[in-house]
Amino acid sequence: MRETLKKISYLVILFIFASFILITGYEFVRLLQTRGTDKQTEHFLRLVQAGFGLVALLFPSLLQNHTRILLPQRITFIYAVFLYLALLLGSLGGFYDRVAEWDTLQHALSSALFAVLGFSVIANLQEGGIERLNLTPVLSSLFSFCLATTLGVLWEFYEFFADSVMGQNTQRTATVDGVPLIGQAALSDTMGDLIVNCTAAVIVAVLGYFALKGSGNWIESYLITFDTEPEKNKTNKG
């Protein structure tokens, strides 16, 4: 069963990778075709997004090949699905405008991934021999929650910058037609995102707490680790 799931996840990642390659190529062709027209800027921005998604998909492989950071397959799978949902379907496919809760789903997934990252940081620091960081499950969960929520707030800072400087509407302070919202209506998107971030972080933190307290530490299969044995030593041993 486990091997079957691994094969399925591999095929899904391969499909996502192929999709980004096709979209990147398509937007490049469309950019050349619309050169000198009003559509050129639109296709240039879409090409940048697709290209960024393609590079972001390669990031886990580059990270593992050029560093001693080891990414679990489950995290790599969730990361690839998140990029597909956020960039290819959300931004390029227009799902953020067509599906009301699409943005909420992305914030929940990203916050959950950041919370897992928090547990990974603590686990690796403690295994690295830093005894004063021998945190209890409560403090480890609290650090995970704080890291996820802080990164969520920083993302809202970015959205505010994008809206203020680049004329975007990422915080949904205006309608699709460009009519500015007033009062709480203008704040609902930002506050909703922050609430979702905190909720997802709390869920992962609580699950992580019980995992650390219990004997069956399932959370280990989601933690990012470091290869403590240099490659040269492995070669010499072989």
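Helices here are DSSP runs of H or I with at least four residues, numbered from the N terminus, and the model on screen is a predicted one.

Begin by selecting His-43, which sits in helix H2, the run covering residues 39-66. Because its relative accessibility is 7%, and buried means under 20%, His-43 counts as buried. To see what surrounds it, add Glu-27, Arg-30, Leu-31 and Thr-34, the residues that His-43 contacts once its neighbours within four places in sequence are left aside.

Next, move to Leu-71, in the loop that runs between strand S1 (69-70) and helix H3 (73-92). Leu-71 is also a buried residue, with a relative accessible area of 17%. Displaying Pro-60, Leu-63, Gln-64, Thr-76 and Ile-224 will show the residues that Leu-71 touches when those up to four places away in sequence are not counted. For a sense of scale, draw a line from the C-alpha atom of Leu-71 to that of Gln-168, 97 residues apart along the chain, and the separation is 34 Å.

Keep Leu-71 selected, since the last stop is the second largest pocket, whose lining includes Leu-71. The pocket holds about 410 Å³ of space. Helix H1 (2-33) and H3 are the elements that give two or more residues to its lining, and H1 gives the most, with five residues. To display the whole lining, select Arg-2, Leu-5, Lys-6, Ile-8, Ser-9, Leu-71, Pro-72, Gln-73, Arg-74, Phe-77, Ser-221 and Tyr-222. Colouring these residues by class will separate six nonpolar, three polar and three charged ones.

Conventions
Residues are numbered from 1 along each chain as its sequence is written. This is a predicted model: local features need pLDDT of at least 70, side-chain atom pairs count only at pLDDT 80 or more; totals for chains, interfaces and linings use all residues. Side-chain values use heavy atoms; hydrogens and water are left out. Buried means under 20% relative accessible area, exposed over 50%, partly exposed in between (1.4 Å probe, protein chains only). Contact means heavy atoms within 4.5 Å. On a 1 Å grid over the protein atoms alone, a cavity is a set of points where a 1.4 Å probe fits but cannot get out, and a pocket is an open set with protein on both sides within 12 Å along at least five of seven lines; lining residues have an atom within 4 Å of a point. Grid points are joined across faces, edges and corners, and a volume is the space filled by probe spheres set on the points. Ala, Val, Leu, Ile, Met, Phe, Trp, Tyr, Cys and Pro count as nonpolar, Asp, Glu, Lys and Arg as charged, and the others, Gly among them, as polar.
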